[in-house]
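Got the viewer open? Keep the selection panel handy, and we'll walk through this one stop at a time.

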Amino acid sequence: MELADIGKTFRRLDYETKVTGRAQYLADMSLPGMCHGKILRSLYPHARIKSLDTSRASKIPGVVAVLTRDDILHDQGIEPYYGPVFKDQTIVATEKVRHMGDPVAAVAALTADAAEAAIASIEVDYEQLPAVLDVQEAIKPGAMLVHDSVKLPESGFADLAELKPVEGTNLCTHFKLNRGNIEKGFAEADRIFEDTFTLPATQHSFLETHACIAAVDPGGRITVWATTQNPFVVRTQLANIFKVPVSKVRVIVPYLGGGYGGKVYPKVEPITVALAQKAGRPVRVVLSREEVFYTITKHAAMIRMKTGVKNDGTLVARECEIHLDTGAYAEIGPRVAKKSGYTAAGPYKIPHLKIDSYSVYTNKPPAGAFRGFGVSQSAWAVESQMDIIAAALQIDPLEIRKKNGYDEGDKFVTEETLRAIGLKECLNRVAESIGWKSDGTSNAKIRKDSSIGSARRGKGLACMIKATITPSISCAVVKLNEDASLSLYTGTVEMGQGSETVLAQIAGKELGIPLEKIQVLGVDTDVVPYDLTTSSSRSTFHMGKAVQLAARHIQRQLTAIAAAEYNVPEEKITFTDGKVRLPETQLDLAELMFKRFGMRGGTLVGEGQIKTSTKDEYGEKSTSAFWFLAAGAAEVEVDVDTGKFKLLKYATAVDVGKALNPLGCRQQLAGAAITGIGQAMFEEIAYDNGQLINPNLVDYILPSLGDMPATIDPICVEVPDPRGPFGAKGIGESALIPVAPAIANAIYDAVGIRIKDLPIKAEKVYLGLHGVE
Amino acid sequence: MNKTISLTVNGVERTAEVEPRLTLLDLVREHFGLTGAKLGCDVQVCGACTLLVNGKPISACSMLALDADGCDVLTIEGLSKHNKLHPVQEAFVEFGALQCGYCTSGFILTTKALLDEIPHPSEQQIRDYLAGNFCRCGCYQEIIQAVKNVRSEA
């Protein structure tokens, strides 16, 4: 058996179970005596519930429990209000519904059919209220309020402590960032550019919808099987809602059928637990595709960007106002807005900044985390305007980015020092991949040569910087068994990213154990130690480090055993390739275990923890434990008669630090880029008067194989971060972010039309080409 | 109003008493416990529920169980024999043609149907044939590589 290693592609541990259809996802599971839960949802974007009549529902054969506001308002055992940042959500609507699809009531029944019939029989008398349907309406003085007041949590996230709702308005949060002197900055500028960019709400569209099975025992012990990316956050939230210690809540997470940010924070878990509690039986709720659209979306945004530039292309000042539509509930919108604000300067040195980033309540389904987390929104503006500036100043788009872009040791907008920064290498590599020429004329020549009939070709670039959630915590436990096999206990959720395999590679590399002898346990909060979340591209860096430390803890124990056994000083003992080497002899791990326990048995337990804080290990301020850098480059062909365009090639380069599993890295890069292609070219949640009109995968269009360019070139750039395991950084989100502006810039290069509103559709290009605003 | 149907599932003859509105997907998942096929979109666009019925890929979410009466149905569970992966499964493993795995059984069965129909497809034929299966994790390039490199069954 080959020893585990890093920097080498190993076959993923979950492949056999997944290609044979044996992998169990939540909707494949059931419990004895289990009920099926269904949810009644609001038909209106904003209404007061005058009365609810459930009398017919409870008489339907098979119905076990009907849950309404009466159950959560009058039960001393339930705290009605919850939410990851502000306590503005309730399990079912109490007084008002605040968006189409807001839960109003729920039913648990012996069959799904009975539950559905019961839902249909509930009569709700609504008084419709004026609805706040877009951000611009929401921020007007005197606008209808989505929330009359918002409850704050007893203790919240450290990085969001300064953000509060603005009383008497629909402003959920207002993040401000000021640097230098903005007036002075604009006075120094030779040219000032002002543009507004917009992008719509989108949906994660994981093929596995949100689902939950909950069981509550009479002693109050809660067990949930959940489709969640952060089981420990769900555990905390459930403990708060149902007023029990976290030890009384057990969250088990099977393989997820995709997450992409849409499965962080409580979703369907609170309502499922409330139903199970009332039914006195286990309950399973599996959301329909339509319900997923009402549960979580990506923030629509409007970004006004004013940038002052020197004639040589040096950026000197930027004023930026970002409005993010966070929908009816804050969810994690405040942090999304903060991250958008932090990255409104892009990966560029701009001395004078005034940035205001708002999350705004509206009567729409809640918006939250989506792969790219606020940076997709800001980068759409930053990177589109960068090309507007480059074109006006007749500077090559690659050169203007390199001129202003961050290098190692530069100061970020927060004045902290940037370390391990492979931005320019990413730019160079994508430019090379698509045959970018920086002299300007060669691109024009390519365009001319490739112009056949009405087809015009163009190339475009974009890049980005992003932070990971900081401070945060990951803990890991590693058990060495008597046969020198290893069991890994981590809270990292395998949702397709390959975390099981890469964590096993790290532990195996440290201890010299083949992957075949390593089992990564599934996530169960009763069993695995704490981890904050599987999101923010953080797991390889944080949990990878925790696993590495846990493996080294085992190493130290083995060294001590060998030292005692052979009476050799510990410093004379080395550890390589699964062998403990002493001056006179060497032993393998199983032999040492036998020495330690005197029989074939026993366990060594290794523990590792990583805790990042607002100060890094160099003693400096830190808003991110490490930095993500990436660039993308697109080549397109546009038909000037119809506006229809094709993406011919896309190159994506990400500074991965160290590619621990190169195929796994390339999958993450290409996969994120493909999601980016969807966001750039197709995806858009459509509303008509507050009604979400395309909550299905026929009208909401996902990219398929038929939409793929001939080539997507994923490129791993390796600028190691010494803080990560073997220098590795996180990579889950990076490649998505530059896609939309790179394509828009390529279209501009091809036909001179600037698209400022996503998605980029043929009709927008056509209207631009034919002089219609 | 239930009706009795007979069909072959993964080579085994089965009978079932079904409601006329029961879908084939619910029949295999709920009645036969074969959960490899997944419900994704529920409107036959995503391909996660793909089964082969008389050798042709169909969206089991939108086919009535009654319409499978007398048919030969293959699910992902019937593809590997004696714990040995089918060559399409092997290729998906070898080329890393999956991430979360939710779309995988649909892609593998659609690929089998493609290769049964066109043993040596061009890349364009692969792209066209598999365009009705979504992989939201974005493993399309690896899937193309896998399909191109499926070893013929000895």
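At roughly what angle do the axes of helix H16 and helix H17 of chain A cross? Bear in mind as you look that this is a predicted model. Select residues 539-566 of chain A for H16 and residues 589-597 of chain A for H17. The two axes come within 10 Å and cross at roughly 65 degrees, and the crossing is left-handed.

Now show the side chains where the two helices meet. On H16(A), pick Leu558(A), Ile561(A), Ala562(A) and Glu565(A). Facing them from H17(A) are Leu589(A), Leu592(A), Lys595(A) and Arg596(A). Colour this contact by class and you get five nonpolar and three charged residues, with no polar ones.

Next stop, still in chain A: centre on Gly346(A). You'll find Gly346(A) in the loop that runs between helix H10 (333-342) and strand E18 (352-361) of chain A. Is this glycine buried or exposed? Gly346(A) counts as buried, because it has 29 C-beta neighbours inside 10 Å, and 20 are enough for that label. Who's around it? Setting aside neighbours within four places in sequence, Gly346(A) is in contact with Ala379(A), Val382(A), Glu383(A) and Met464(A). Try a distance label too: from the C-alpha of Gly346(A) to that of Met386(A), 40 residues along the chain, the separation is 9.6 Å.

Time to look at where the chains meet. Select the residues of chain A in contact with chain B, and you should have 42 of them, touching 40 residues of chain B. On the chain A side, helix H1 (15-19) and helix H18 (662-681) each supply at least two residues. Which of the elements gives the most to this side? That's H18(A), with seven residues. Colour the chain A side by class and it splits into 20 nonpolar, 14 polar and eight charged residues.

Last stop: hide chain A and keep chain B on its own. Trace chain B from the N terminus and the elements go β-β-α-β-β-β-α-α-α-α, so expect five helices and five strands by definition of the runs. Turn chain B along its principal axes, and the C-alpha trace spans about 50 × 35 × 25 Å. The radius of gyration of chain B is 15 Å, which agrees with the value near 15 Å that a compact globule of 154 residues would have. Colour chain B by burial and 55% of its 154 residues come up as buried. Finally, switch on contacts: of those in chain B with a separation of 6 or more, 57% link residues 24 or more positions apart.

Key: Residues are numbered from 1 along each chain as its sequence is written. Chains are lettered from A and ligands numbered from 1 in the order in which they are written. This is a predicted model: local features need pLDDT of at least 70, side-chain atom pairs count only at pLDDT 80 or more; totals for chains, interfaces and linings use all residues. Axes are lines fitted to C-alpha atoms, for helices over the stretch in contact, and angles run from 0 to 180 degrees between N-to-C directions. Helices (H or I, at least four residues) and strands (E, at least two) are DSSP runs, numbered from the N terminus. A crossing is left-handed if the near helix is turned anticlockwise from the far one by less than a right angle, and right-handed if clockwise. Two residues are in contact if their C-beta atoms, placed from the backbone, lie within 7 Å. Ala, Val, Leu, Ile, Met, Phe, Trp, Tyr, Cys and Pro count as nonpolar, Asp, Glu, Lys and Arg as charged, and the others, Gly among them, as polar. The radius of gyration is taken over C-alpha atoms; the globule rule is 2.2 Å times the number of residues to the power 0.38. A residue is buried if 20 or more other C-beta atoms lie within 10 Å of its own, exposed if 12 or fewer, and partly exposed in between; C-beta atoms are placed from the backbone.
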